[in-house]
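Here is a short set of exercises to work through with the model open beside you. Try each task on your own before you read its solution.

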Amino acid sequence: MSAPRQYPDVFHKHRWTVLPEPVQRAVYELGCASRRDRVEPAQIDTYRQGLANLTPAAVPRGGYEIRRLYKPDEPWVRPVDEIPNQAPPWYRIGPGGGGSGERHRLTRYPDLGWLFLFHGDGYLRQAAMEALPGPPRSAFELAAACYRLNDWVENVRLAAEAYAARAFPETDPNVIAGAALFLLEMEPHLQRWSATGRAAVRHLLTRRDTAACLADTLQTALTGRQGFLLQQLLRDPPLDASLHRLAHHAALPGVRRVAMTALLTGEARWLTGHRFEWTDKTMGLRKRVPTHATRSLTVARDLPALLSAAARDRSPKVREVAADGLIAHREKATSHMDALAAHLAEDTSPSVRSRAAFYLNRR
């Protein structure tokens with residue numbers, strides 16, 4: 001009985017690896033099989049199943065690690081007894097990489113494109129985008145395809161735009177919802193995106209079925225920057241209809257706060273970038289401050305009911321929003337608002353009490 005194959009721990013010196021051992025093993029096996037031209041569809045399926053367990057945030061680092069593990073440029077020579085008498089024209093002995101052998105395997109197995117997306121050769125990345133047969137099956141794959149929209153090679157970006165046009169409309173909305181936070185966080189940092197690429201990603205996030213999945217995710221999520229996600233998604237109207245549900249029933253206080261703030265002010269507000277403000281020009285001191293854009297909401301609101309719900313929320317961050325709403329509408333104050341202010345004036349949170357006191361003093 002032969003001993004089990006030992007897999008080299010390629011990243012034993014790297015503490016920040018994002019690829020779990022099954023994915024590393026799948027990539028390494030594909031690299032070995034490719035150098036011997038013995039790739040099997042089952043190996044590709046195993047690799048894609050491993051990608052399905054990765055988060056979209058792993059794409060930048062994960063792409064580098066996949067490229068290293070696959071080792072397309074490692075020299076390798078086939079044993080003499082394995083060399084065919086008449087090698088086909090795509091046969092290659094010696095260094096791998098962006099040779100015709102890789103292209104031939106990509107033609108035979110188009111799903112290898114999900115591996116070659118991270119190849120160091122721009123020609124193969126372009127060929128991978130052109131060969132991909134269907135839409136992404138996981139949030140990681142979707143994020144990787146979107147990342148190629150920002151590739152430093154123009155032809156790869158154009159191929160990624162063509163893939164987005166044919167595959168993104170068929171992408172499962174749950175896959176889109178899983179990658180939404182990563183896409184919105186990375187958007188300001190990806191400077192090579194063309195208007196076409198940005199429009200393709202924005203259309204992904206504004207589909208009606210995607211909005212329904214995102215609303216469910218925002219309501220039930222227990223971790224993550226979901227408040228930021230909702231804030232950025234509100235630049236488009238599809239989620240307006242879900243704001244009342246999120247303001248009352250979202251599990252995370254950050255989501256409830258963003259939704260309640262939008263409803264009480266009647267407008268959505270999202271981050272657009274940053275600018276510098278002078279704090280002391282004579283000393284050359286300045287600070288970096290965020291910039292925002294706004295739009296009016298498309299849903300009706302019941303101000304007294306919203307103020308009551310916010311004032312009785314279990315999170316002080318949402319009760320602060322209620323107090324801010326009282327202050328903003330103090331010129332048309334009612335006895336109901338005064339009662340809410342008196343209730344908030346005895347709140348356990350100092351920031352809520354100070355806001356309620358300000359309202360009562362300026363009533």
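## Exercise 1: An unusual loop residue

Asp37 sits in the loop that joins α1 to α2. Keep in mind that you are looking at a predicted model.

**Task.** Find the sign of the phi angle of Asp37 and say what stands out about it.

**Solution.**
- Step 1: Start with the usual case. Most residues other than glycine have a negative phi.
- Step 2: Turn to the residue itself. Asp37 is not a glycine, and yet its phi is positive, at about 55 degrees.

## Exercise 2: The whole protein

**Task.** State how many helices and strands the protein has, and what share of its residues is buried.

**Solution.**
- Step 1: Count the elements. There are 18 helices and two strands.
- Step 2: Look at burial. Of the 363 residues, 47% are buried.
- Step 3: Consider the contacts between residues at least 6 apart in sequence. Of these, 65% join residues at least 24 apart.
- Step 4: Pick an example of two residues separated along the chain. Lys71, in the loop between α3 and α4, is 40 residues from Gly31 in sequence, while their C-alpha atoms are 6.4 Å apart in space.
- Step 5: Check the accessibility of Lys71. Its relative accessible area is 30%; the cut-offs are under 20% for buried and over 50% for exposed, so Lys71 counts as partly exposed.

## Exercise 3: A helix with two sides

**Task.** List the buried residues of α2 and work out where they lie around the helix.

**Solution.**
- Step 1: Make the list. Within α2, residues 41-51, the buried ones are Ile44, Tyr47, Arg48, Gly50 and Leu51.
- Step 2: Look down the axis. The buried residues of α2 fit within an arc of 155 degrees, so they line one face of the helix.
- Step 3: Recall how a helix turns. With 3.6 residues a turn in an α-helix, residues three or four places apart point the same way.
- Step 4: Check the other side of α2. Ala42 and Gln49 are exposed there.
- Step 5: Find the partners. The buried residues of α2 pack against α1, α3, α5 and α7.

## Exercise 4: An enclosed helix

**Task.** Decide why α6 can be called largely enclosed, and find the residue that caps its N-terminal end.

**Solution.**
- Step 1: Count the buried residues. Seven of the ten residues of α6 (residues 122-131) are buried, so the rest of the structure largely encloses this helix.
- Step 2: Name some of them. Gly122, Leu124 and Met129 are among the buried residues of α6.
- Step 3: Look at the start of the helix. Asp121 caps the N-terminal end of α6, with a side-chain oxygen 2.8 Å from the backbone nitrogen of Tyr123.

## Exercise 5: Aromatic rings

**Task.** Describe how Phe118 and Phe140 are arranged, and say which parts of the chain they link.

**Solution.**
- Step 1: Recall the two values to look for. A pair of aromatic rings is described by the distance of the centres and the angle of the planes.
- Step 2: Set the scene. The structure holds four aromatic pairs.
- Step 3: Read off the values for one of them. Phe118 and Phe140 are 6.2 Å apart, centre to centre, with 50 degrees between their planes, and the pair is tilted.
- Step 4: Locate the rings. The pair links distant parts of the chain, with Phe118 in the loop between α5 and α6 and Phe140 in α7, 22 residues apart.
- Step 5: Check their surroundings. Both Phe118 and Phe140 are buried.
- Step 6: Look for a cluster. Trp114, Tyr163 and Phe168 form one.
- Step 7: Find charges over rings. Arg225 lies over the face of Phe228, 4.3 Å from the ring centre, and Arg286 lies over the face of Phe276, at 3.9 Å.

## Exercise 6: Buried polar side chains

**Task.** Classify Arg235 and Gln24 as buried or exposed, then find a polar partner for each.

**Solution.**
- Step 1: Locate Arg235. This residue is in the loop between α12 and α13.
- Step 2: Apply the cut-off. Buried means under 20% relative accessible area, so Arg235, at 15%, is buried.
- Step 3: Find the partner. The side chain of Arg235 makes a polar contact with the side chain of Glu187, at 3.2 Å.
- Step 4: Repeat for Gln24. This residue of α1 has 13% relative accessibility and so counts as buried.
- Step 5: Find the partner of Gln24. A polar atom of its side chain lies 3.0 Å from the backbone oxygen of Leu19.

Note on methods: Residues numbered from 1 in each chain as written. Predicted model: local features only at pLDDT ≥ 70, side-chain atom pairs only at ≥ 80, totals over all residues. Heavy atoms only, no water. Helix = DSSP H or I, 4+ residues; strand = E, 2+ residues; numbered from the N terminus. Buried < 20%, exposed > 50% of the residue type's maximum accessible area, 1.4 Å probe, protein only. Polar contact = N/O pair within 3.5 Å; in protein donor to acceptor, adjacent residues only side chain to side chain. Phe/Tyr/Trp six-rings, centres within 6.5 Å; stacked < 30°, edge-to-face > 60°. Lys NZ or Arg CZ within 6 Å of the ring centre and 35° of its normal. Arc of directions from axis to C-beta. Contact = heavy atoms within 4.5 Å.
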